[in-house]
Amino acid sequence: MMPTLAALDAPLPPSDFRGREEAVQTICGRLLNAERQSTSVVGGPRTGKTSLLRYLASAYANGLLAELPYRVYLDAQILSSASKPADFWLHLFRGLQDKLTTGSDLANLLAKKIAGAQARYLDTYDLQDVFDAFGKNGSTVVALVDSWELILKNQNYWGDFFHLVRSMGQRQPRGLAFVVGTPRRLLDLWWDQMGSLYYNIFANVTIGRLEEAEVRAQVRLTLQAAQLAADPRS
């Protein structure tokens with residue numbers, strides 16, 4: 001069976017990710033410097049933002065980001081339009097929980113905060129407790145958030161949420177950094193009602209459609225996965 005156009009157009013599994021060397025190098029360089037700097041990956045539909053974020057969050061990027069093992073991919077599309085900031089942080093905590101060794105100090109702290117969130121919303125002090133603990137351990141958390149523009153459109157997030165994004169991204173010790181995917185620059189997506197000028201902690205890395213050689217390589221990988229022979233001319 002030939003792979004469908006939809007399959008070829010779908011996000012790549014991290015195991016098949018290739019190319020984007022310049023973007024990957026820039027993002028990793030910012031994450032690995034002393035400031036653990038955040039980045040916005042900017043690109044239109046079908047430019048590969050999801051594939052890139054999922055790759056960076058996966059074990060396949062461990063060779064590049066060995067210093068930062070706590071990398072969590074979060075797709076904002078799973079958050080409903082009625083979601084609130086506490087829902088975002090709780091989802092991030094649960095993804096992070098899967099990466100921790102059961103019984104470790106960090107795992108116990110996170111479990112306590114998640115359990116407490118059942119009775120009340122997570123607050124600023126909860127976030128500081130968690131991310132400060134990771135920062136002091138030298139294990140900055142990296143939140144790789146796809147479809148970030150959906151959070152920007154949700155008025156429940158306007159105000160304190162973006163202030164916290166900025167303050168957590170700048171807080172010492174560095175316990176949290178972001179890599180987010182958006183269709184346009186964060187500056188262009190910002191409204192005055194949001195409050196904090198949070199976007200000034202991000203650098204923009206713009207990606208476009210793959211070059212022809214990269215497309216051919218991806219097609220070959222897809223054909224191999226489907227156990228089909230590639231055209232020798234490709």
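Which polar contact does the side chain of Ser-51 make with the backbone nitrogen of Leu-12, and how many Å lie between the two atoms? In this predicted model, a polar atom of the Ser-51 side chain sits 2.8 Å from that backbone nitrogen. Ser-51 belongs to helix 3, which covers residues 49-57. Its relative accessibility comes out at 8%, and since anything under 20% is taken as buried, Ser-51 falls in the buried class. Setting aside residues up to four places away in sequence, Ser-51 touches Pro-11, Leu-12 and Phe-17. Leu-12 therefore turns up twice around this serine, once in the list of touching residues and once through its backbone nitrogen.

Ser-51 has plenty of company in its helix. Seven of the nine residues of helix 3 are buried, so the helix is largely enclosed by the rest of the structure. Besides Ser-51, the buried set takes in Lys-49, Leu-52, Leu-53, Tyr-55, Leu-56 and Ala-57. As for what does the covering, helix 2 (21-32) is part of it, along with strand 1, strand 2, strand 3 and strand 4. Helix 3 lies across those four strands, and its direction makes an angle of about 150 degrees with strand 2.

Stepping back to the whole chain, there are nine helices and five strands. Read from the N terminus, they come in the order α-α-β-α-β-α-α-α-β-α-α-β-β-α. Of the 234 residues, 46% count as buried. Contacts tend to reach far along the sequence: among those between residues at least 6 apart, 75% join residues at least 24 apart.

The five strands make up an open, parallel sheet in the order 2-3-4-1-5. Strand 2 (71-75) and strand 5 (202-206) are the edge strands; each has a single partner, so one side of each goes without a neighbour in the sheet. From one strand to the next, the twist averages 20 degrees.

The pairings can be followed across the sheet. Strand 2 runs parallel to strand 3 (residues 141-146), with five bridges joining the two, and here Tyr-73 faces Leu-144 of strand 3. Strand 3 in turn pairs with strand 4, again in the parallel sense and over five bridges; one of the matched pairs is Val-141 with Leu-176 of strand 4. Strand 4 is also joined to strand 1 by four bridges, the two running parallel, and Thr-39 stands opposite Val-179 of strand 4.

How many of the residues of strand 4 are buried? The count is seven of seven, so strand 4, like helix 3, is largely enclosed by the rest of the structure. Both of its faces are covered. Leu-176, Phe-178, Val-180 and Thr-182 are buried on one side, while Ala-177, Val-179 and Gly-181 are buried on the other.

Phe-178 of strand 4 also shows up among the contacts of Phe-88, a residue of helix 4. Phe-88 has a relative accessible area of 0%, which puts it in the buried class. Leaving out residues up to four places away in sequence, Phe-88 also touches Leu-74, Leu-79, Val-145, Trp-148, Ile-151, Tyr-157 and Phe-161. Take Phe-161 from that list: it is 73 residues from Phe-88 in sequence, yet the two C-alpha atoms are 9.6 Å apart.

Is Ser-81 buried or exposed? With a relative accessible area of 68%, Ser-81 is exposed, in contrast to the buried Ser-51. Ser-81 is found in the loop between strand 2 and helix 4. Apart from neighbours within four places in sequence, Ser-81 is in contact with Asn-154 and Asn-156. Ser-81 and Ile-151 are 70 residues apart in sequence, with 8.5 Å between their C-alpha atoms; Ile-151 is also one of the residues touched by Phe-88.

Finally, the second largest pocket holds about 190 Å³ of space. Its lining consists of 16 residues, and those nearest the centre are Pro-85, Ala-86, Leu-122, Asp-160 and Leu-164. Helix 4 (85-97), helix 6 (124-136) and helix 8 (160-170) are the elements that give two or more residues to this lining.

Notes. Residues numbered from 1 in each chain as written. Predicted model: local features only at pLDDT ≥ 70, side-chain atom pairs only at ≥ 80, totals over all residues. Heavy atoms only, no water. Buried < 20%, exposed > 50% of the residue type's maximum accessible area, 1.4 Å probe, protein only. Polar contact = N/O pair within 3.5 Å; in protein donor to acceptor, adjacent residues only side chain to side chain. Contact = heavy atoms within 4.5 Å. Pairing = 2+ DSSP bridges. Axes fitted to C-alpha atoms, helices over the stretch in contact; angles between N-to-C directions. 1 Å grid on protein atoms, 1.4 Å probe; cavity = no way out; pocket = protein on both sides within 12 Å on 5 of 7 lines; lining within 4 Å. Points joined across faces, edges and corners; volume = space filled by probe spheres on them.
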